[in-house]
Amino acid sequence: MRAITVIPGQPDSLRLVDDLPEPGTDEGAVLVEAIAVGVCGTDHEVIEGGHGEPSPGSAALVLGHESLGRVIEDPTGALAPGDLVAGIVRHPDPVPCSNCAAGEWDMCRNGRYTEHGIKGLPGFARDRWRVPPKFAVRLDPSLAELGVLLEPTSILAKAWEHIERIGVRAAWEPQTVLVTGAGPIGLLAALLACQRGFEVHVLNRTESGAKPGLVRALGARFHTGSVAELPGEFDIVLECTGAPPVILDAMCKAAPNGIVCLTGVSTGGRTIDFDAGALNRSLVLENNVVFGTVNANRRHWELAAEALAAADKGWLRRMITRRVPVSAYAEAYQRQPDDIKVVIDFQA
Ligand code: BGC
């Protein structure tokens, strides 16, 4: 069968193969026919050789961690043939650590977790894949092809859950939210913020493309320019660019008792001068919390499925700016200026 593969650590090794063996039942009882995979910054990093680990016993890794598929069979009966599902990205470490043992593999303590299409587990960019029932999340059928947005939404469902858990450390009535970056993660952060009824502001580097319209369609305010220039402070800041100057400015934009959530995986290697003492003083004197978040566990995936089911389908559809048939896979990984979410179609 067809699969998009890469050799981790080896740039220019991206290929479409057509002789990948069918997934074995050792990968899980649920057999799924691929509908689509989404492309994100992590895929680019794996392709560029900066991230990723091959599957055990192989030099190659099947790419794809943002999935959408249709169940072909599930002998356990947890899912029915025809169900629309996405596969959970991360699997617990083999020890397992206390978090993985509790089903909170997103908080793995020893780093020995595996991730489909990223770290030691074949991805979902193949005609058919298998997962254990616990790692398949059912989607509302009305979402149809939009279900491919479930994985990035799960990242924000976790971010919001953790913001809310931190918030209850004291009396807290947040009203304003700042999201930096209007890529897929920023837009989904804003969607979940609007679903919670906050006054939402989204800042993006440029005004071009569909981003400003998508932000305004949520009822949020769109801004360009620097974070520092924005008037006022915000009760919650979600940093979704991973860009060092934006991160620092975002940390300074939290109101007293405010929470700053960092979601961007920066590449590192870029240093900037900043006054750590002044930042520390402002965080301490205002009881601010700055925290990082990565990945999501099953609870977050289910929250994300509910959030997507409640969202405006037309709005979600506008987030998918390019659909590329798997035969033209390489084009999907070439960045274009107005891309938001690019999706590779396995059924075209
Ligand atoms: C994925 C996460 C993953 C992280 C680090 C992100 O792109 O969405 O599931 O944990 O990369 O590999």
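This is a short chat about a predicted model, its ligand site and some of its side-chain contacts.

Q: Let's start with the ligand. Which residues surround it?
A: The ligand is surrounded by C40, T42, H51, H65, V89, R90, E115, I118, E151, I155, V294 and N295.

Q: How does that shell divide into nonpolar, polar and charged?
A: There are 5 nonpolar residues, 4 polar ones and 3 charged ones.

Q: Which oxygen contact does E115 make with the ligand?
A: An N or O atom in the E115 side chain is 2.5 Å from an oxygen atom of the ligand.

Q: And what about E151?
A: Its side chain also has an N or O atom by a ligand oxygen, at 2.7 Å. H51 has a polar side-chain atom 3.3 Å from an oxygen atom of the ligand.

Q: How much of the ligand does the protein bury?
A: The protein buries 89% of the 310 Å² that the ligand exposes when taken alone.

Q: Back to E151. What does its backbone oxygen lie by?
A: A polar atom of the S154 side chain, at 2.6 Å. So E151 shows up twice here: its side chain is by the ligand, and its backbone oxygen is by S154.

Q: Where is S154, and is it buried or exposed?
A: S154 lies in helix α3. It counts as buried, because its relative accessibility is 1% and the cut-off for buried is under 20%.

Q: New topic: rings. How many aromatic pairs are there?
A: The structure holds 3 aromatic pairs. One of them is W105 with F135, and it is tilted. The centres are 5.1 Å apart, with 35 degrees between the planes.

Q: Where do W105 and F135 sit in the chain?
A: In distant parts of it, 30 residues apart. W105 is in the loop between α2 (98-101) and β8 (114-116). F135 is in the loop between β10 (128-131) and β11 (136-138).

Q: Are those two buried or exposed?
A: Both W105 and F135 are buried.

Q: What about W160 and F198?
A: They form a stacked pair, 5.7 Å centre to centre, with 20 degrees between the planes.

Q: Why does that pair tie parts of the chain together?
A: W160 lies in helix α3 (residues 150-167), while F198 lies in the loop between α4 (184-195) and β13 (199-203). The two are 38 residues apart in sequence, so the pair ties those parts together.

Q: Buried or exposed, those two?
A: W160 is buried, with a relative accessible area of 0%. F198 is buried as well, at 18%.

Q: Which charged residues sit over the ring of Y113?
A: R90 lies over the face of Y113, 3.4 Å from the ring centre. The charged end of K119 also sits over that ring, 4.4 Å from its centre. R90 is one of the residues around the ligand too.

Q: Last one, D312. Where is it?
A: In the loop between α8 (298-310) and α9 (313-319).

Q: Buried or exposed?
A: D312 is exposed, because its relative accessible area is 52% and exposed means over 50%.

Q: What does its side chain reach?
A: Backbone nitrogens. The D312 side chain reaches that of G314 at 3.3 Å and that of W315 at 2.8 Å.

Q: And how far is D312 from A217?
A: Their C-alpha atoms are separated by 9.9 Å, and the residues are 95 apart along the chain.

Definitions and conventions. Residues numbered from 1 in each chain as written. Predicted model: local features only at pLDDT ≥ 70, side-chain atom pairs only at ≥ 80, totals over all residues. Heavy atoms only, no water. Phe/Tyr/Trp six-rings, centres within 6.5 Å; stacked < 30°, edge-to-face > 60°. Helix = DSSP H or I, 4+ residues; strand = E, 2+ residues; numbered from the N terminus. Buried < 20%, exposed > 50% of the residue type's maximum accessible area, 1.4 Å probe, protein only. Lys NZ or Arg CZ within 6 Å of the ring centre and 35° of its normal. Near = heavy atom within 4 Å. Polar contact = N/O pair within 3.5 Å; in protein donor to acceptor, adjacent residues only side chain to side chain. Areas by Shrake-Rupley, 256 points an atom, 1.4 Å probe, with all protein chains shown as cover. Nonpolar A, V, L, I, M, F, W, Y, C, P; charged D, E, K, R; others polar.
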